[in-house]
2 protein chains.
Amino acid sequence: MLSKKTRYAILAMKHLSSKYGKGVVLISDIAKAENLPIRFLENILLELKKNGYLGSKPGKNGGYYLIKHPKEINLAQIVRYFEGTIALLYCVSEKAYQPCEFCMDERTCKIKSVFKEIRNYTYQKLEQTKLSDLVDLDESDSIMYSI
Amino acid sequence: MLSKKTRYAILAMKHLSSKYGKGVVLISDIAKAENLPIRFLENILLELKKNGYLGSKPGKNGGYYLIKHPKEINLAQIVRYFEGTIALLYCVSEKAYQPCEFCMDERTCKIKSVFKEIRNYTYQKLEQTKLSDLVDLDESDSIMYSI
DNA sequence: CACAATGTCTACCAATTTAGTGTACATTTG
DNA sequence: CAAATGTACACTAAATTGGTAGACATTGTG
């Protein structure tokens with residue numbers, strides 16, 4: 001099961017995608033729109049910013065905005081960042097690999113092969129799902145930021 | 001990521017499968033063979049017994065044994081029992097369903113559909129993997145229990 | 001019947017993770 | 001300068017994870 005943090009992050013990113021190209025969005029607006037605890041959301045947005053997905057503008061009329069185009073961010077990136085890995089076992093993880101505890105020979109381990117297939121399918125599905133797939137983008141009246 | 005408890009349960013069940021039809025197995029032997037903390041393993045075996053997978057024989061010459069044939073137990077059952085659900089979101093879970101937090105309309109929610117596909121694939125793979133697939137069964141000299 | 005070897009039961013516990021909150025501060029605009 | 005914002009960092013409460021302790025019940029053997 002994904003953690004609330006991961007789910008909140010997806011919701012926040014989805015919301016920011018829907019406002020892409022339209023200037024900054026208040027944390028409080030995201031919190032209200034997606035029904036998220038605002039202080040917790042602050043931490044999450046900060047993490048997303050540190051990871052390069054978001055930009056921010058402090059002070060009055062400030063807020064957050066997506067740096068990349070929504071079609072350039074996918075769910076695998078978000079899930080992996082907050083969950084640490086997409087795999088269900090360390091031995092089939094790309095990002096958090098550790099030797100298998102189930103077997104002597106990882107090349108022939110049946111458990112590993114099953115969980116590897118699951119990991120690969122999951123990764124592929126999440127990777128294929130872009131933020132742009134989650135919202136109706138309106139690119140007609142997009143504006144430039146003055147940062 | 002699966003919890004240690006779930007992973008230990010799979011290891012214990014795998015070990016008991018390899019001894020299927022050959023009488024009881026000491027907790028301490030399972031712990032030694034699979035390198036598991038014995039007191040924690042006791043709890044896990046007890047849970048597996050309460051769930052109907054294992055039988056036990058207390059007292060001298062006692063131990064645990066698989067009740068069902070290894071081909072009648074699959075990984076989905078074990079994972080679901082210890083993890084609570086196989087899904088990554090409640091809204092796509094069969095056993096722990098809760099309404100979706102991501103959308104107004106679950107029928108058209110893209111996030112839900114992606115995670116539903118992942119859940120279905122995962123379930124199918126785990127369900128197809130029987131304990132008998134994990135070990136070399138030797139059914140030639142199986143014996144009957146005298147319980 | 002005594003006793004050793006085993007599983008059983010109930011409780012407890014420490015460490016870690018999760019899901020936040022508190023407080024003070026820095027920055028920007030008007 | 002004041003108000004509106006994001007930033008930093010510490011703190012914490014609750015839940016979960018990963019166990020451990022100790023007394024007890026059951027069984028086989030001598």
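These legends go through close-up views of a predicted model in which protein chains A and B meet DNA strands C and D. Local features need pLDDT of at least 70, side-chain atom pairs count only at pLDDT 80 or more, and totals for chains, interfaces and linings use all residues. Residues are numbered from 1 along each chain as its sequence is written, chains are lettered from A and ligands numbered from 1 in the order in which they are written, and side-chain values use heavy atoms, with hydrogens and water left out.

**View 1. Two copies of the protein, related by a rotation.** Turn chain A by 180°, with 0.0 Å of shift along the axis, and it lands on chain B at an RMSD of 0.0 Å (least-squares superposition on C-alpha atoms of residues with pLDDT of at least 70 in both copies). That's how a two-fold axis relates its copies. Both chains use the same surface, as 100% of the contact residues of chain A recur in chain B (contact means heavy atoms within 4.5 Å).

**View 2. The protein around DNA strand C.** There are 29 residues around this strand, and A:Tyr8, A:Arg39, B:Lys49, B:Ser56 and B:Tyr64 come nearest (a residue is near a strand if one of its heavy atoms lies within 4 Å of it). Sugar and phosphate make up 67% of the strand C atoms within 4 Å of the protein. H3(B) puts in the largest share of the surface, five residues (helices are DSSP runs of H or I with at least four residues, strands are E runs of at least two, both numbered from the N terminus).

**View 3. Polar contacts to DNA strand C.** Here a polar contact is a pair of N or O atoms within 3.5 Å. A polar side-chain atom of B:Lys49 sits 2.7 Å from a phosphate oxygen. Base oxygens are reached too: by the side chain of A:Asn43 at 3.4 Å, and by a backbone N or O atom of B:Gly59 at 3.2 Å.

**View 4. The protein around DNA strand D.** This strand has 28 residues around it, with A:Lys49, A:Ser56, A:Tyr64, B:Tyr8 and B:Arg39 the closest. H3(A) gives the most to this surface, with four residues.

**View 5. Polar contacts to DNA strand D.** The side chain of A:Arg39 has an N or O atom 3.3 Å from a base nitrogen, while a polar backbone atom of B:Lys60 is 3.1 Å from a base oxygen. B:Asn61 places a polar side-chain atom 3.0 Å from a sugar or linking oxygen.

Note on methods:
Polar contact = N/O pair within 3.5 Å; in protein donor to acceptor, adjacent residues only side chain to side chain.
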